[in-house]
Amino acid sequence: MARITAGVGCSHVPAIGVAMDTGITEQPYWQPVFKGFEFSRKWIAEKKPDVIFLVYNDHCTAFDASCIPTFALGAAATFTPADEGWGPRPVPIVRNHQKLASHIAQSLILDEFDMTIMNEMEVDHGLTVPLSVMFGEIPADGEWPCLVIPLAVNVVQYPAPTGNRCYQLGKAVRRAVESFPEDLNVMIFGTGGMSHQLQYKRAGLINPEFDKMFLDKLTQDPVGLSQMPHVDYLREAGSEGVEMVMWHVMRGALDDEVTEVHRHYHVPASNTAVGHIILENKDI
Amino acid sequence: MTQKDYEDIPGTFVFDADRSREGYHLNQFCISLRLQKNRDAFNADEAAYLDKYPMTEAQRAAVVARDWNLLLELGGNIYYTSKLAANDGINFQNLAGLMTGMGVDDYRDMMLKGGRSIEGNRYKSEWGED
């Protein structure tokens, strides 16, 4: 049977991808950002996931304003890195576990989560930057070390799905994975955040106290954390900080009690507080 | 109209359905610049390219002027307007430097020192706004 063994929370700042793609990760500005992923790269190389279920948001790349699905599950065989306006990232094509993805889509819909199914989709930095920070530099003609099932969540047009809805969706993803007969080591990534505001006169907002509270409660009080209203994210963590709702999908798919094996927090990467956490289920 | 609980956050636009409706054609123009062939066409003849998008005169003027804050005030969203900025060689951080009025260098310095504090930046009343 397929099992979810661990969850990873991770920012997906586009400039982190640019730093890797242009080979400047050792510069003093970037070195502390990447130092926090040294453990993670060893960890994931040891744990060898077969599939990553990667929760992220599209940044007006694959989806324009004409169609705004709240939850869009990638069911295509492959996903090409998109040109977001400055050329596509030179990273490998993302390959799906198509059979598991379509099983999850069916299971979720019968479980009353009405997913949009994407049979063609390009993926932007929201998906590729978390893979890059966790697996390191891989040339465009190489291969990611595992298969990836993308779940794109609308956080661009208000309202994003609630934290509670995301948390409950995580539980449904777990039920779907655990009803798949193939023996697979599945990890789930929740990406985005942490505190940041990219727009207008309050741009540059960073709130380390909020971010620490979020990381602490993610491990210890995920149900309580999932009840936080959107306005608290918008006010306290910046208008783009609401991306953090996506971490609840990851948390919902894990055990009620988890082991926090790693945490990293650094300000700044461009406009953003970088947050990263690794949570393991206890009975793996 | 229903009271919006996020309208009292200073210096912030929450891109809700009302803003999305107002900014639709502006945002669709911006996202078209995601593709190189469209960037080439826009850069070759901005006016002709803009004719394809039925945005308001004010929105069109804000595009031509690259008035980044006005674009947001008129229904633009940052993930869309950033495509126009990227076309001009302006990344997210430098765009923020322009929108805050701080300038690129001062904004970058602020971020290196930990960013803009939440203290004094939660409510419009703290900014002396309604």
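Me: What percentage of the 284 residues of chain A count as buried?

Reply: In this predicted model, 57% of the residues of chain A do. A residue is called buried if 20 or more other C-beta atoms lie within 10 Å of its own, exposed if 12 or fewer, and partly exposed in between, with C-beta atoms placed from the backbone. For chain B, 42% of the 130 residues count as buried.

Me: Before we go on, how are residues and chains labelled?

Reply: Residues are numbered from 1 along each chain as its sequence is written, while chains are lettered from A and ligands numbered from 1 in the order in which they are written. As this is a predicted model, local features need pLDDT of at least 70 and side-chain atom pairs count only at pLDDT 80 or more, whereas totals for chains, interfaces and linings use all residues.

Me: How do you know what confidence the predictor has in chain B?

Reply: Look at pLDDT, the predictor's confidence in each residue, which runs from 0 to 100. Chain B has a mean pLDDT of 96, and 98% of its residues reach 70 or more. Where pLDDT is low, the predicted coordinates should not be read in detail. For the complex, the predictor gives an ipTM of 0.96 and a pTM of 0.97.

Me: Why is chain A called as compact as a globular protein of its length?

Reply: Set two numbers side by side: the radius of gyration of chain A is 17 Å, and the globule rule gives 19 Å for 284 residues, so the values are close and the description fits. The radius is taken over C-alpha atoms, and the rule is 2.2 Å times the number of residues to the power 0.38. Along the principal axes, the C-alpha atoms of chain A fill a box of roughly 45 × 45 × 40 Å.

Me: Which kinds of elements do chains A and B have?

Reply: Chain A has 10 helices and 11 strands, and chain B has 8 helices and 0 strands. Helices (H or I, at least four residues) and strands (E, at least two) are DSSP runs, numbered from the N terminus.

Me: Why is Glu112(A) called exposed, and Arg263(A) partly exposed?

Reply: Count the neighbours inside 10 Å. Glu112(A) has 8 C-beta neighbours there, so it counts as exposed. Arg263(A) has 18, and therefore it is partly exposed. Over in chain B, Arg66(B) is also partly exposed, because its count is 14.

Me: Where do these residues sit in the chains?

Reply: Glu112(A) lies in the loop between helix H4 (98-110) and strand E6 (116-118) of chain A. Arg263(A) belongs to strand E10 (residues 258-269) of chain A. Arg66(B) is found in the loop between helix H4 (57-65) and H5 of chain B. Glu112(A) has a positive phi near 75 degrees without being a glycine, and Arg66(B), not a glycine either, has a positive phi of about 55 degrees.

Me: Which residues is Arg263(A) in contact with, leaving aside neighbours within four places in sequence?

Reply: They are Leu215(A), His276(A) and Ile277(A). Two residues are in contact if their C-beta atoms, placed from the backbone, lie within 7 Å.

Me: What makes a group of residues a nonpolar core, and which members touch the most others in the largest one?

Reply: A nonpolar core is a set of buried Ala, Val, Leu, Ile, Met, Phe, Trp, Tyr and Cys residues joined through C-beta atoms within 7 Å. The largest has 127 residues, where Leu54(A), Ile104(A), Val173(A) and Met246(A) touch the most other members. Helix H6 (residues 163-178) of chain A gives the largest share of this core, 7 residues. Beyond four places in sequence, Val173(A) touches Phe53(A), Ile104(A), Ile188(A), Val249(A) and Ala253(A).

Me: How many residues of chain B are in contact with chain A, and what are their classes?

Reply: There are 43, and they meet 33 residues of chain A. Among them, the largest share, 6 residues, comes from H6(B). By class, this side of chain B has 23 nonpolar, 14 polar and 6 charged residues. Here Ala, Val, Leu, Ile, Met, Phe, Trp, Tyr, Cys and Pro count as nonpolar, Asp, Glu, Lys and Arg as charged, and the others, Gly among them, as polar.
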